[in-house]
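Q: Please take a close look at the interior of this protein, its nonpolar packing and any enclosed space.

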Amino acid sequence: MTTGWKASDIPDQSGRTAVVTGANSGIGLVTARELARRGARVVLACRSERRGKEAAARVAREVPSADVVFTPLDLADLSSVRKFAEAYPYDRLDLLVNNAGVMALPYGRTADGFETQFGVNHLGHFALTGLLLPHLLGTPGARVVTVSSGLHALANIDIGDLNSERGYRRWIAYGRSKTANLLFTHELAGRLASAGSDVVAAAAHPGYARTNLQTAGVRMEGRRAAERIVSLANRIIAQPAESGALPTLYAATAPGVRPDSFTGPRIQGLRGAPTTSWRAAWTTNDVASERLWVASEQLTGVTYEGLKT
């Protein structure tokens with residue numbers, strides 16, 4: 001991988017269509033903006049209508065030639081995911097960036113009864129990808145990039161307790177959801193290859209990027225001192241969102257990205273130019289990835305037609 005790869009190295013994206021979840025702020029917004037800057041038509045898939053429209057307007061101001069549109073998507077509600085997919089207006093889908101996520105929240109459940117972090121970070125994107133699969137399979141050279149985290153190393157999934165009902169620890173639940181992202185990428189890449197598809201499924205992680213992700217949980221609980229500490233760490237240690245988006249943009253656009261690759265920042269997994277990142281051995285376990293896949297199909301009711309093993 002080229003040392004020092006940056007957003008200006010993104011190849012021309014003219015004629016390509018991208019969907020970016022969670023594109024109203026942070027690395028999702030940067031990802032959408034830079035894809036639009038290089039000519040892609042970008043769908044900003046966001047939960048909040050107000051913030052989604054504001055993000056689309058911001059991208060249009062910063063990139064006057066941008067072709068961007070906001071479409072509502074709430075990954076914590078499978079009916080919203082289905083509505084988004086059913087209303088998707090284009091024949092082609094060159095790039096699906098599964099970026100949206102939540103981190104270290106107090107225990108909660110989605111509209112469908114799933115533990116929030118597992119439900120949003122994994123199940124919502126699993127359902128979205130499956131429902132948009134016909135568009136991906138019909139577009140030569142399409143890619144699915146799912147944003148995981150180096151913190152996947154905190155925990156493996158527990159296939160017998162996917163909703164953390166036997167005891168909830170917010171960071172362990174987060175690590176499990178990010179491991180699920182990698183297992184999903186691994187299984188999806190294998191199934192695409194078995195089907196003879198050229199769609200590339202890859203994963204990325206941003207390192208420590210300065211976004212509102214870190215403060216959301218403590219803010220929900222009203223822990224003002226903790227919020228101040230996290231905000232200070234963001235200012236002093238974290239890299240800007242523009243840098244945090246580079247691994248995603250590399251995985252999404254760089255030539256020669258391999259299926260099931262895991263792209264992250266170079267320097268100690270925290271910051272720096274994109275590079276191929278280490279991953280714990282269990283995140284490529286075929287048995288674990290298949291079991292999670294089967295469970296995810298059962299929980300969401302979404303089956304990947306054409307990718308049966």
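A: What follows describes the nonpolar cores, the enclosed space and two single residues.

This is a predicted model, in which local features need pLDDT of at least 70 and side-chain atom pairs count only at pLDDT 80 or more, while totals for chains, interfaces and linings use all residues. Residues are numbered from 1 along each chain as its sequence is written, and side-chain values use heavy atoms, with hydrogens and water left out.

A nonpolar core is here a set of buried Ala, Val, Leu, Ile, Met, Phe, Trp, Tyr and Cys residues joined through side-chain atoms within 4.5 Å, where buried means under 20% relative accessible area, exposed over 50% and partly exposed in between, with a 1.4 Å probe and protein chains only. The largest such core has 44 residues, of which V19, F84, L96, L132, L188 and Y304 touch the most other members. At least two residues of this core come from each of β2 (41-46), α3 (78-87), α4 (116-137), α5 and α10 (286-300); helices (H or I, at least four residues) and strands (E, at least two) are DSSP runs numbered from the N terminus. The largest share, nine residues, is supplied by α4. With contact taken as heavy atoms within 4.5 Å, L132 touches F84, A85, Y88, L93 and L96, residues up to four places away in sequence not being counted. Another core, of 38 residues, lies apart from the largest one and has A55, V59, A66 and L95 among its members.

As for enclosed space, the structure holds one cavity of 30 Å³ or more. A cavity is a set of points, on a 1 Å grid over the protein atoms alone, where a 1.4 Å probe fits but cannot get out, and its lining residues have an atom within 4 Å of a point. The largest cavity contains about 60 Å³ of space, a volume being the space filled by probe spheres set on the points, which are joined across faces, edges and corners. Its lining includes E115, F118, D158 and R176, and helix α5 (residues 170-194) gives the most to this lining, with three residues. By class, the lining residues are four nonpolar, two polar and four charged, where Ala, Val, Leu, Ile, Met, Phe, Trp, Tyr, Cys and Pro count as nonpolar, Asp, Glu, Lys and Arg as charged, and the others, Gly among them, as polar.

Turning to single residues, T248 sits in helix α9 (residues 246-253) and counts as buried because its relative accessibility is 1%. D9, in the segment before β1 (17-21), is partly exposed, with a relative accessible area of 34%.

Conventions:
1 Å grid on protein atoms, 1.4 Å probe; cavity = no way out; pocket = protein on both sides within 12 Å on 5 of 7 lines; lining within 4 Å.
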